[in-house]
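Biologist: Before we use any label for this protein, could we go through the reasoning behind each one?

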Amino acid sequence: MTEQQLDCALDLMRRLPPQQIEKNLSDLIDLVPSLCEDLLSSVDQPLKIARDKSVGKDYLLCDYNRDGDSYRSPWSNIYDPPLDDGAMPSDRLRRLEIDANSAFDQYREMYFEGGVSSVYLWDLDHGFAGVILIKKAGDGSKNIRGCWDSIHVVEVQEKSSGRSAHYKLTSTAMLWLQTNKVGSGTMNLGGSLTRQVEMDSTVNETSHPHIANIGKMVEDMENKIRNTLNEIYFGKTRDIVNGLRATIPLQDQKQQDALRNDLAAALQKRQTHT
């Protein structure tokens with residue numbers, strides 16, 4: 001019964017507005033407290049922003065940079081609130097993490113023209129894993145509010161030869177938009193998608209081969225998710241609205257239909273005589 005309850009709860013969360021995930025998740029946990037741990041580990045929540053005062057940069061909070069009640073900054077590698085025995089990446093991985101944050105900071109600026117990004121890495125027995133986080137919130141101009149949150153979890157298994165590696169990427173994107181205009185009133189549109197891809201790739205003799213391989217996978221995945229969201233949510237909504245509301249007045253539509261019928265009848269009569 002618990003497994004069925006979890007499936008129903010996750011199915012329900014996928015259909016509820018992403019901007020209200022925290023409230024809906026809390027309500028579900030209140031209804032079924034036994035699912036608390038499973039829900040918290042299975043449901044991706046909108047990313048929160050914190051400020052690293054030592055370097056004056058923002059960073060994103062998630063379970064992957066949390067230890068207890070403290071969160072590690074990717075810029076200074078310091079926990080806030082301070083934590084003496086917090087989990088840290090190895091020296092080799094920390095150097096890779098610094099370069100990855102720099103690379104994805106440029107990627108975010110090119111694609112999103114703003115927002116916040118963070119990359120966190122941790123060691124595994126035969127490689128490493130990491131998460132790439134990107135958040136871009138609308139500024140509310142033109143009576144349009146919205147937010148994009150993308151979470152990319154990647155696992156890298158380095159082959160014994162050292163010349164290739166296996167990459168497994170799991171990506172989740174959450175998007176919501178809200179418009180409030182005189183002509184159309186208030187409209188909410190939102191949803192989330194999760195996709196997964198695996199691939200083997202050559203590790204070239206460059207300074208940071210893993211960053212290049214992971215970056216290409218993330219870029220391709222985000223483009224696919226954006227196109228899918230555009231087709232499913234925006235395209236489908238446009239079709240429904242066009243089916244419910246005509247932009248041409250009814251009288252003009254009737255005149256166009258009558259003219260079309262007259263032309264068809266005239267052409268048919270002409271073909272009959274010939």
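**Labels and their grounds**

Modeller: A good starting point is Ser 150, which is found in strand β8, and please keep in mind throughout that the model is predicted.

Biologist: Why is Ser 150 called buried?

Modeller: The relative accessible area of Ser 150 is 1%, and buried means under 20%, so Ser 150 counts as buried.

Biologist: What makes the pairing of the side chains of Ser 150 and Glu 222 a polar contact?

Modeller: The distance given for these two side chains is 2.8 Å, and a polar contact requires a pair of N or O atoms within 3.5 Å, so the pairing qualifies. The side chain of Ser 150 also makes a polar contact with the side chain of Trp 148, at 3.3 Å, which is again within the 3.5 Å limit. With neighbours up to four places away in sequence set aside, the residues in contact with Ser 150 include Leu 47, Ile 132, Thr 172 and Glu 222.

Biologist: Arg 145 is found in strand β8 too, in residues 144–158; why is Arg 145 called partly exposed?

Modeller: Its relative accessible area is 42%, whereas buried means under 20% and exposed means over 50%, so Arg 145 falls in between and is termed partly exposed. Beyond four places in sequence, Arg 145 touches Gly 140, Trp 176, Leu 177 and Gln 178. The C-alpha atoms of Arg 145 and Gln 45, which are 100 residues apart along the chain, are separated by 18 Å.

Biologist: How do you know that Lys 135, placed in strand β7 (residues 127–137), is buried or exposed?

Modeller: Lys 135 has 12% relative accessibility, and with the cut-off for buried at under 20%, the conclusion is that Lys 135 counts as buried. The side chain of Lys 135 reaches the backbone oxygen of Leu 47 at 2.9 Å. Leu 47 is also one of the residues that Lys 135 touches beyond four places in sequence, with Ile 49, Trp 148 and Asp 149 among the others.

Biologist: Tyr 167 lies in strand β9, residues 164–181; what makes Tyr 167 count as buried?

Modeller: Its relative accessibility is 0%, and the label applies under 20%, so Tyr 167 is buried by that criterion. The side chain of Tyr 167 makes a polar contact with the side chain of His 210 at 2.7 Å. Among the residues Tyr 167 touches, leaving out those up to four places away in sequence, are Glu 155, Val 197, His 210 and Met 217. The C-alpha atoms of Tyr 167 and Glu 155, twelve residues apart along the chain, are separated by 5.8 Å.

Biologist: Turning to the whole protein, with its six helices and ten strands, why is the protein described as more spread out than a compact globule?

Modeller: The radius of gyration is 25 Å, and the globule rule gives 19 Å for 274 residues, so the value lies well over the rule and the description follows. Along the principal axes, the C-alpha trace spans about 90 × 50 × 45 Å.

Biologist: How much of the protein counts as buried?

Modeller: Of the 274 residues, 34% count as buried, while the accessible surface comes to about 17300 Å², of which 50% belongs to carbon and sulfur atoms. Among contacts with a separation of 6 or more, 50% are accounted for by residues 24 or more positions apart.

Note on methods
Residues are numbered from 1 along each chain as its sequence is written. This is a predicted model: local features need pLDDT of at least 70, side-chain atom pairs count only at pLDDT 80 or more; totals for chains, interfaces and linings use all residues. Side-chain values use heavy atoms; hydrogens and water are left out. The radius of gyration is taken over C-alpha atoms; the globule rule is 2.2 Å times the number of residues to the power 0.38. Buried means under 20% relative accessible area, exposed over 50%, partly exposed in between (1.4 Å probe, protein chains only). Contact means heavy atoms within 4.5 Å. Accessible areas come from the Shrake-Rupley method with a 1.4 Å probe; for residues, only the protein chains shown count as cover. A polar contact is a pair of N or O atoms within 3.5 Å; within protein, one must be able to donate a hydrogen and the other to accept it, and residues adjacent in sequence count only if both atoms are side-chain atoms. Helices (H or I, at least four residues) and strands (E, at least two) are DSSP runs, numbered from the N terminus.
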